[in-house]
Amino acid sequence: MNLHLDKIEPFCTTDTQKELLKRIKKIQKFRIRRFSDSYLLEGLLFSFYVEEKFEPVMLYYDEIISLPFDESFPLWDDFWDFLSIFYINPLCAQAQKEAIFARYEEVSLHKVSAEFADAQLLFTDFFKNILSLKAVKEREKTLQRALKDNDLQLEFAMRMSLVLYPTRVIIANNGENKDLEEQMQAMVDEQTAVLRSGKFSKYI
């Protein structure tokens with residue numbers, strides 16, 4: 001995978017961004033499907049989003065959007081997080097957003113091989129599970145616990161999730177339910193504003 005290290009390095013100005021870049025550089029062979037690798041890249045791209053450094057984020061769009069489909073997709077959270085980060089980027093064109101929705105459809109229409117038949121509902125109910133808002137509500141509860149416990153790191157993680165997961169809902173909804181779209185967009189905007197407030201500078 002082309003990591004565009006020379007192109008993104010000038011954008012890495014915070015301590016967190018510099019550390020993430022340093023750790024990515026140490027990886028001898030970066031594998032996007034390996035959690036320890038994708039976790040670092042996702043953290044860096046989300047940090048760019050919070051800091052409104054939109055250009056370096058889209059450097060990764062073409063390669064990630066075209067990753068070959070496999071039957072681990074419904075459970076591969078990092079992939080859907082990457083797509084959310086692209087989708088909320090102001091530089092993401094309408095055609096690119098449509099391509100992101102197409103990857104969602106690809107999952108919902110997939111018929112699993114006979115040996116994995118028990119997992120079919122992960123695919124068939126892919127949209128249903130996202131639109132149920134279960135994941136969003138779980139993260140709202142965890143955020144309240146983080147606030148109660150004054151756990152800043154957990155609070156940051158949940159506010160990050162409450163940008164990415166509502167974006168999944170917006171993508172899956174695909175403009176069908178305007179009220180739901182507005183509700184999720186308001187949540188994205190609210191959490192983004194808090195993340196940009198300076199409170200979480202040590203994590204960004």
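**Burial, contacts and crossing helices**

Student: Which residues does Pro 166 touch, leaving aside its neighbours within four places in sequence?

Tutor: Pro 166 is in contact (heavy atoms within 4.5 Å) with Val 136, Ser 161, Met 184, Met 187 and Val 188. This is a predicted model, in which local features need pLDDT of at least 70 and side-chain atom pairs count only at pLDDT 80 or more, while totals for chains, interfaces and linings use all residues. Residues are numbered from 1 along each chain as its sequence is written, and side-chain values use heavy atoms, with hydrogens and water left out.

Student: Why is Pro 166 called buried?

Tutor: Buried means under 20% relative accessible area, exposed over 50% and partly exposed in between, with a 1.4 Å probe and protein chains only. Pro 166 has 0% relative accessibility, so it counts as buried. The residue belongs to helix α11, and its C-alpha atom is 9.3 Å from that of Leu 131, 35 residues apart along the chain.

Student: What makes Thr 167 buried?

Tutor: Its relative accessibility is 1%, so Thr 167 is buried. Thr 167 is also in α11. Beyond four places in sequence, Thr 167 contacts Ser 84, Tyr 87, Ile 88 and Val 188.

Student: How do you know how α6 is oriented relative to α11?

Tutor: Helices are DSSP runs of H or I with at least four residues, numbered from the N terminus. The axes of α6 (residues 77-87) and α11 come within 9 Å and cross at roughly 80°. Axes are lines fitted to C-alpha atoms, for helices over the stretch in contact, and angles run from 0 to 180 degrees between N-to-C directions. Under 35 degrees is roughly parallel, over 145 roughly antiparallel, 65 to 115 roughly perpendicular, and the rest oblique. The crossing angle therefore makes α6 roughly perpendicular to α11. On the α6 side the contact includes Trp 80, Leu 83 and Ser 84, and on the α11 side Leu 164, Thr 167 and Ile 171 are among the residues involved.

Student: What is the polarity of the residues in the contact of α6 with α11?

Tutor: They divide into eight nonpolar, two polar and three charged. Here Ala, Val, Leu, Ile, Met, Phe, Trp, Tyr, Cys and Pro count as nonpolar, Asp, Glu, Lys and Arg as charged, and the others, Gly among them, as polar.

Student: Which other residues does Leu 83 touch, not counting residues up to four places away?

Tutor: Leu 83 touches Ile 64, Ile 65, Ile 100, Arg 103, Tyr 104 and Ile 171.

Student: Why is Arg 103 called buried?

Tutor: Arg 103 has 8% relative accessibility and therefore counts as buried. This residue lies in helix α7 (residues 94-108). Its side chain reaches the backbone oxygen of Leu 67 at 2.9 Å.

Student: Why is Arg 145 classed as partly exposed?

Tutor: The relative accessibility of Arg 145 is 45%, so the residue falls in the partly exposed class. Arg 145 is in helix α10 (residues 134-148). Its C-alpha is 26 Å from that of Leu 45, 100 residues apart in sequence.

Student: What makes Asn 150 exposed?

Tutor: Asn 150 is at 72% relative accessibility, so it counts as exposed. Asn 150 sits in the loop between α10 and α11. Its phi is near 55°, a positive value in a residue other than glycine.

Student: What is the phi of Glu 52?

Tutor: Glu 52 has a positive phi of about 60°, although it is not a glycine. Glu 52 is in the loop between α3 (35-50) and α4 (54-58).

Technical notes
Helix = DSSP H or I, 4+ residues; strand = E, 2+ residues; numbered from the N terminus. Polar contact = N/O pair within 3.5 Å; in protein donor to acceptor, adjacent residues only side chain to side chain.
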